[in-house]
Amino acid sequence: MQKPNLLKSKTLKVKSAEEKENRLLPRKILLVGNPNSGKTTLFNQLTGLNQKIANYPGVTVESKSGKFSLIDPSNRIKTEIELIDLPGIYSLNAISEDEKQAVVPIIQFAKTGDIEDILVIFVVDTNNPARSLHLYLAVRNLGFKTLLLMNMAPMAAEKGIYPNIESIQRDLGPVPVVISSKSRGKTAGLIREAVRKFPSIPIPVEHNSVDHSVFNNQGVELEKQWFTIKEPSQKSARQKMADRIFMHPVWGPICFLTLLLLVFQSLFTFSAYPTDWIEGGMDKLTRFLSGVLSDNLLSQLVLEGVLPGLTGIFVFIPQIAFLFMFIAIMEESGYLSRATFLADNLMRRFGLNGKSLIPFAGGAACAVPAILSARTISNPRERLLTILVTPWVTCSARLPVFVTLIAVFVPEGNTGWVSTRGLVLGVFYLLGVVAVFSGAWLLNLFFKPEKSPSLFMMELPDYRAPQVKTVIKTMLERVGDFVWNAGKIILAISVVLWVLASFGPPSEMQKINEKYAVQSLENPENLPLGYKAEKLEASFAGKFGKIMEPVLKPLGFDWKIGIGLLTSFAAREVFVGTMNTIYGLGNDADSDKLSEIMASEKRPDGSKRFDAATSLSLMVFFLLAMQCMSTFAVVKKETRSLKLALLQLFLMTGIAYVASFAVYQTLSV
Amino acid sequence: MLSIPLSFAQMKASELKVGQKARILSVESGVLGRRLLEMGFIPGKTIQLTGKGPFGSPLAFRVDFLHAALRNAEAELIEIENIESEIR
């Protein structure tokens, strides 16, 4: 995926006039339209790419470019055209960052004047034509050749809104008008056909006299002329009924909280079985390989370094999948924008905005896209606050860490009718939310007040049944991303870690070998007790961890956890992989299950290493610390300030240190 | 029939009661008012307050095919005239 190159149009200006006249197809196609009118769905359909779609305004916050190929039916020649998906806008006057991402390129193209070979596919939200037409006129008046797509026409027909192609073309000339059908594939086919008419599309006469700084009612007039509007069908009554419950000042929040509780409960209960299958499968694979592979360094690396690291990630696939399924359903159904409506009043008191809920909900998956989605917040100060606190929302990368640690110190069983482990996890999600709001409240006190107005103008799109296909696709994609991205890092880190943890200063390693009189190295099954642990301690990784230990001791952490914290800065879930590698190397326990190995880990004085104090202290550290390079990078990019990104990094990590210190010192007394 | 005079009492959209309908008279100028117009809060159209958030904010409005939430401060930019007393 690359950002569209806006400067390209300048370099292409050298093309001869002749060439331009002969041009049968556009060089670039822009998708322009109101927010939530279905541009990205069309983009994905036409390019075969997978950009995120959902049912709320402001999903697309930056322009995306892809290739759209057309085959000439006469000579079977394939032409590739650049297709650019722009964030939704209401007019050419941008008032937020995401709108600027659309308006600036449109104006830029028009200014360079080289727009004869650009086609704008203008996506009309047929459910609300007047507003779309207002924007359409503004774009057309810049001189773009346009194609009108009456999108979501089947849905509009239910409301009694029908476009009238004859009257549109009577007014505009032979501008292609496509009416969307229920099948996306069919709509895409109609678009392809219409794009071929590109040479015959008239170049609009520029109306420089139209003053766009003054709002005009032309959209409303054209809606009357170009659309037939009849009495709506009964379907919209159900929509209103749903809103009476979900947006009710009392029932609305109750529904929202109940929904969240259900989600976290099911994260534990639904995913228990698939998690067991994966664990069992990886266990069998390890046993099989250890039987097959000859015992050499490479097989040790695979068995002790790579496989434990990968297992640590794979077992979380079910939970990640369920989390994303719930998020996708909330987004697809149109419920998320209702939730922002319920949240705005509360958010305002903390210097945030109802729209901050979208980054926060996204933050439950990953802070990186979530921080990008803060672009829809038009007030710069609210946006900044949102960006700074979003990483405190418990993301999917913390989930493996929490689940592992909870399994170490919380016994299985139920409290009342909920699982105790699920309850503890729920409490940690809640603590994340508490951190978000307290953080915002504090920052709100220290940040200078800003003059630009705080806005909350949120459209409430019609509810629609979440499309199973979209939900499953989102799920699979995110799981794929998780496995692939985390897998890459974990693979690399576990290899490095294995080397560092297996080798040490030769003289010391020699001593340990002599101490245990290891002639049994040929037979790794019968290593003497304590040999592996001592060797790990003497290794390079052990030495490194020991250097950090004094700093971490007050939090209840030893050098092994220290190594885990260090590697987890690449990505938090790496911690689990690291623990797997380290404990796999340095432990004599029978079990292969990480949580059981960790539970049996002892301190020098014989007490449990992972007692409640240490485990909770570690969880609190993960809850609050900013251990993620990618988040740091995206904050720096979005705020355009290294200083702010560093501030966030040190504040979060400092607060985490203090909080963990307090937890450990209180509980370990 | 109630003996309410045919009042064209001018008020702001923020003063509507839930469920009440009114006609939009004008929208204040400025960046915000402009955006309201662009979103579809257009003079002459009928506006209905469909709901209020917790503790009275924000407000949800319907205008034709638009369903949108505004804060009270934003809704105050919309001048309306009561049409329900007219109907009665």
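These exercises work through two buried loop residues and one chain interface in a predicted model.

**Exercise 1. Place A:Ser539 and decide whether this residue is buried or exposed.**

Step 1: Locate the residue. A:Ser539 sits in the loop of chain A between α23 (531–538) and α24 (540–552).

Step 2: Apply the cut-off. Buried means under 20% relative accessible area. A:Ser539 has 0% relative accessibility, so A:Ser539 counts as buried.

Step 3: Check the side chain. A polar atom of the A:Ser539 side chain lies 2.6 Å from the backbone oxygen of A:Leu536.

Step 4: List the surroundings. Leaving out residues up to four places away in sequence, A:Ser539 touches A:Leu500, A:Ala501, A:Ser502, A:Phe503, A:Gly504 and A:Met509.

**Exercise 2. Do the same for A:Leu86: is this residue buried or exposed?**

Step 1: Locate the residue. A:Leu86 belongs to the loop between β3 (78–85) and α4 (97–112) of chain A.

Step 2: Read the accessibility. The value for A:Leu86 is 2%, therefore A:Leu86 counts as buried.

Step 3: Compare sequence and space. A:Leu86 and A:Gln101 are 15 residues apart in sequence. Their C-alpha atoms are 7.3 Å apart.

Step 4: Find the contacts. Beyond four places in sequence, A:Leu86 touches residues including A:Leu30, A:Val32, A:Thr60, A:Gln101 and A:Ile106.

**Exercise 3. Describe the interface of chain B and chain A: how many residues of each are in contact?**

Step 1: Count. The contact involves 31 residues of chain B and 41 residues of chain A.

Step 2: Take the area. About 3,000 Å² is buried between the two chains, and carbon and sulfur atoms give 60% of this. On the chain B side, B:Arg35, B:Phe65 and B:Arg71 lose the most area to chain A. Together they account for 26% of what that side buries.

Step 3: Look for polar pairing. There are 12 residue pairs in polar contact across the interface. The rule also finds two salt bridges. In a salt bridge, the side chains of A:Glu99 and B:Arg35 meet at 2.8 Å, N to O.

Step 4: Assign elements. In chain B, α1 (31–39), β3 (46–52), β4 (59–63) and β5 (66–70) each supply at least two residues of the side that touches chain A. The most come from α1(B), with eight residues.

Step 5: Sort by type. The chain B side divides into 16 nonpolar, six polar and nine charged residues.

**Exercise 4. Which residue of β5(B) is the bridge partner of A:Glu459?**

Step 1: Find the strands. β11 (residues 458–459) of chain A and β5(B) run antiparallel, joined by two bridges.

Step 2: Name the partner. A:Glu459 is bridged to B:Ala68.

Definitions and conventions
Residues numbered from 1 in each chain as written. Chains lettered and ligands numbered in written order. Predicted model: local features only at pLDDT ≥ 70, side-chain atom pairs only at ≥ 80, totals over all residues. Heavy atoms only, no water. Helix = DSSP H or I, 4+ residues; strand = E, 2+ residues; numbered from the N terminus. Buried < 20%, exposed > 50% of the residue type's maximum accessible area, 1.4 Å probe, protein only. Polar contact = N/O pair within 3.5 Å; in protein donor to acceptor, adjacent residues only side chain to side chain. Contact = heavy atoms within 4.5 Å. Buried area = accessible area lost by both parts, 1.4 Å probe. Salt bridge = Lys/Arg side-chain N within 4 Å of Asp/Glu carboxyl O. Nonpolar A, V, L, I, M, F, W, Y, C, P; charged D, E, K, R; others polar. Pairing = 2+ DSSP bridges.
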